[in-house]
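Grab the structure and a viewer, and let's work through a few exercises together. Try each task on your own before reading its solution.

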Amino acid sequence: MSTNSPTEHQYVLTLGCPDSTGIVAKLSSFIAELGGWITEAGYFTDPESGWFFTRQAVRADSIEVSFAELKERFGLIAEELGAETRWRIWDTAHPKKAVILVTKEGHCLHDLLGRVDQNDYPMEVAAIIGNHDDLRHIAENHGIPFHHVPFPKDAVGKRKAFDQVAAIVEQHNPEAIVLARFMQILPPDLCEMWEGRAINIHHSFLPSFMGARPYHQAYKRGVKLIGATCHYATTDLDDGPIIEQDVIRVSHKDTPTNMQRLGRDAEKVVLARGLRFHLEDRVQVHGNRTVIFD
């Protein structure tokens, strides 16, 4: 399933490198020399790390060379800025490909697929993988292949299940692997393989209440705000770079069940926003922090 971007055809250029004098001028001159019409530009320098970040969106029809040549020339500019420079260019005419991992709760899956159906999301869902079969009907209703991979409780069986999931994912080479309430902990090797691509929604305002049953933890602590966190999955459980968060107010009257019901709204919105930031190349990771050009 794919969707056409509701915005005009653009090339999105992102870059991060050690800060120095003249970077903005060099980039602006590069785009101007190609006839580029900049429609959006974001800049940020982190004073603590001394790292410079930028995201530039340019009208594709204003660029006087092919996309391949643009990419080649931008790569040369990046080389001039130093070996540590990280960069990429995205052609918005090609929606990002994603694979979604699920368990039994379907609220996040319903929300994401609804956005795609409304042509409101720059994403192509290549496959949905579930460790239970409960959500197969949702995938089939949207015409998306569903793969049921059971997860045994023993370590050997679970490892084989993860290997099967990884094999399915890698068939599609997705730009995003979305853990939409996938209630399994990714093994370290998959976290490393999918670094910067595996996106998780955690039903807590991290770093509070990490791990399992965060609403029950929040209830016992008597908090007045609960939330959700969209973050990149890493080998450190629930401690990867944070992309997006939001909160909902609760009171002493709310039980853990009420909190779960209320929290689902936050989970859907936070995952949708965070994933969109990722898909639109608005996220740059540096260490365990993120810069978001929203």
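**Exercise 1. Work out which residues of helix H3 (residues 107–117) are buried, and what they pack against.**

Solution. Keep in mind that this is a predicted model.
- Step 1: go along H3 and pick out the buried residues, which are His-107, Cys-108, Leu-109, Asp-111, Leu-112, Leu-113 and Val-116.
- Step 2: think about the spacing. An α-helix has 3.6 residues a turn, so residues three or four places apart point the same way.
- Step 3: look at the partners. The buried residues of H3 pack against E5, E6, helix H4 (136–141), E8, E9 and H8.
- Step 4: step just past the end of H3, where Asn-119 has a positive phi of about 55°.

**Exercise 2. Find the strand order of the open seven-stranded sheet, and say which strands sit at its edges.**

Solution.
- Step 1: read across the sheet, and the order comes out as E7-E6-E5-E8-E9-E10-E11, with mixed pairing.
- Step 2: E7 and strand E11 (242–249) each pair on one side only, which makes them the edge strands.
- Step 3: going from one strand to the next, the twist averages 20°.
- Step 4: zoom in on one pair. Strand E5 (residues 96–102) runs parallel to strand E6 (residues 123–130), with seven bridges between them. Val-102 is opposite Gly-130 of E6.
- Step 5: add the helix. H8 (residues 256–279) packs on the sheet and touches E5, E6, E8, strand E9 (198–202), strand E10 (225–232) and E11. The direction of H8 makes about 155° with that of E11.

**Exercise 3. Is Lys-96 buried or exposed, and what does its side chain reach?**

Solution.
- Step 1: place the residue; Lys-96 belongs to strand E5.
- Step 2: check the accessibility. Lys-96 has 4% relative accessibility, and buried means under 20%, so Lys-96 counts as buried.
- Step 3: follow the side chain, which comes to 2.8 Å from the backbone oxygen of Leu-279.
- Step 4: look for a ring. The charged end of Lys-96 sits over Trp-90, 4.5 Å from the ring centre.
- Step 5: list some neighbours further off in sequence. Lys-96 touches, among them, Arg-88, Glu-124, Glu-175, His-278 and Asp-281.

**Exercise 4. Which aromatic pairs does Phe-151 form with Phe-162 and Phe-182, and what do they tie together?**

Solution.
- Step 1: start with the count, since a search of the whole structure turns up seven aromatic pairs.
- Step 2: take Phe-151 and Phe-162. Their ring centres are 4.8 Å apart and their planes are at 90°, so this pair is edge-to-face.
- Step 3: locate both. Phe-151 is in the loop between strand E7 (146–148) and helix H5 (155–172), while Phe-162 is in H5, so the pair ties together parts 11 residues apart in sequence. Both Phe-151 and Phe-162 are buried.
- Step 4: turn to Phe-151 and Phe-182, which are also edge-to-face, at 6.0 Å centre to centre with 80° between the planes.
- Step 5: Phe-182 lies in the loop between strand E8 (176–179) and helix H6 (188–193), so its pair with Phe-151 ties together parts that are 31 residues apart in sequence. Phe-182 is buried, as is Phe-151.

Key: Residues are numbered from 1 along each chain as its sequence is written. This is a predicted model: local features need pLDDT of at least 70, side-chain atom pairs count only at pLDDT 80 or more; totals for chains, interfaces and linings use all residues. Side-chain values use heavy atoms; hydrogens and water are left out. Rings of Phe, Tyr and Trp (its six-membered ring) pair if their centres lie within 6.5 Å; planes under 30 degrees apart count as stacked, over 60 as edge-to-face and the rest as tilted. Helices (H or I, at least four residues) and strands (E, at least two) are DSSP runs, numbered from the N terminus. Buried means under 20% relative accessible area, exposed over 50%, partly exposed in between (1.4 Å probe, protein chains only). A charge sits over a ring if NZ of Lys or CZ of Arg is within 6 Å of the ring centre and within 35 degrees of the ring normal. Two strands pair if DSSP finds at least two bridges between them. Axes are lines fitted to C-alpha atoms, for helices over the stretch in contact, and angles run from 0 to 180 degrees between N-to-C directions. Contact means heavy atoms within 4.5 Å. A polar contact is a pair of N or O atoms within 3.5 Å; within protein, one must be able to donate a hydrogen and the other to accept it, and residues adjacent in sequence count only if both atoms are side-chain atoms.
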